[in-house]
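Dear colleague,

I am passing the structure below on to you, and I would be grateful if you could look through it with the notes that come after it.

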Amino acid sequence: MRVGMSGLRIETTRHLHCTVMRASGVLDHAGRVRFSARINAVWDWSPGPTLVFDLADLDFYDSSVIGVLAMAMQRMAEEGSGRIFVVRPSDHLLSVLRLTDLLPHVELRDSVEETVAELMLQQGDRGIGERAASSRSPIISRLNVRRDLG
């Protein structure tokens, strides 16, 4: 197993209503520093921000995973807005989130694609007047494109 900076891969995807961050490989202290810096770099990409974390492909993580999530939660608390989704969490990660009392502060989901679609639909439902009517069609179009790509 490779440990260190080269062991963590972070894929970031910008969507209209959220930012998806997929991490794979090894999330240790060096990886935590890189991951936290990446979160800060994409902070303003989505309203809130709304961050969707897919950590299911991590081969190894230590307490650094809690440090990454806690940093994002703390910044959201300071700014008074934001949402964190954790997609496909392992049983171990759920246990760690429960033990550290972070579980109530994240929203759990089974699929990145479903989470992105849900957020798009929620935002579309909030529209008023002609904005609401005009936003439905692009949302459905984007959903169909995402299904074709996924």
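What follows goes through the sheet, the helices, the cores and a few single residues in turn. Please keep in mind throughout that this is a predicted model.

The sheet is an open one of five strands in the order 1-2-3-4-5, and its pairing is mixed. Its edges are formed by strand 1 and by strand 5 (107-109), each of which has a single partner strand, so one side of each is left without a neighbour in the sheet. From one strand to the next the twist averages 20°. Strand 1 and strand 2 run antiparallel and are joined by seven bridges, and within strand 2 it is Ala 23 that stands opposite Ile 10.

Turning to the helices, helix 1 has 13 residues, which at 1.5 Å a residue should span 18 Å, and this agrees with the 18 Å that separates its end C-alpha atoms. Its buried residues are Gly 31, Phe 35, Ser 36 and Ile 39; because they cover an arc of only 130° around the axis, they lie on the same side of helix 1. Strand 1 (8-14), strand 2, strand 3 and helix 2 are included in what covers these buried residues of helix 1.

Helix 2 (residues 64-79) has 16 residues and should, at 1.5 Å a residue, span 22 Å, with which the 23 Å between its end C-alpha atoms agrees. Buried in helix 2 are Ser 64, Val 65, Ile 66, Val 68, Leu 69, Met 71, Ala 72, Met 73 and Met 76, and the elements against which the buried residues of helix 2 pack are strand 2 (19-27), helix 1 (29-41), strand 3 (50-61), strand 4 (83-87) and helix 3 (91-99). Just after helix 2 comes Gly 80, which takes a positive phi of about 80°.

As for the interior, the largest nonpolar core has 30 residues, and Phe 35, Ile 39, Phe 53, Leu 55, Ile 84 and Leu 97 are those with the most contacts inside it. Two or more residues of this core are given by each of strand 2, helix 1, strand 3, helix 2, strand 4 and helix 3, and the largest share, eight residues, comes from helix 2. If neighbours within four places in sequence are left aside, Phe 53 is in contact with Met 21, Phe 35, Ile 39, Leu 69, Ile 84, Phe 85, Val 86 and Val 87. Another core, of nine residues, lies apart from the largest one, and among its members are Cys 18, Val 52, Leu 119 and Met 120.

Two single residues may also be of use to you. Ala 72, which lies in helix 2, is buried because its relative accessible area is 0%, where the cut-off for buried is under 20%. Not counting residues up to four places away in sequence, Ala 72 touches Trp 43, Leu 51 and Ile 84; Ala 72 and Ile 39, moreover, are 33 residues apart in sequence but 7.6 Å apart in space, C-alpha to C-alpha.

The other residue, Ser 46, is found in the loop between helix 1 and strand 3. With a relative accessible area of 7%, Ser 46 is likewise buried, and, with its neighbours within four places in sequence left aside, Ser 46 is in contact with His 17, Cys 18 and Thr 19.

With best regards

Terms used: Residues are numbered from 1 along each chain as its sequence is written. This is a predicted model: local features need pLDDT of at least 70, side-chain atom pairs count only at pLDDT 80 or more; totals for chains, interfaces and linings use all residues. Side-chain values use heavy atoms; hydrogens and water are left out. Helices (H or I, at least four residues) and strands (E, at least two) are DSSP runs, numbered from the N terminus. The expected span of a helix is 1.5 Å times one less than its number of residues. Buried means under 20% relative accessible area, exposed over 50%, partly exposed in between (1.4 Å probe, protein chains only). Contact means heavy atoms within 4.5 Å. A nonpolar core is a set of buried Ala, Val, Leu, Ile, Met, Phe, Trp, Tyr and Cys residues joined through side-chain atoms within 4.5 Å. The arc is that of the directions from the helix axis to the C-beta atoms. Two strands pair if DSSP finds at least two bridges between them. Axes are lines fitted to C-alpha atoms, for helices over the stretch in contact, and angles run from 0 to 180 degrees between N-to-C directions.
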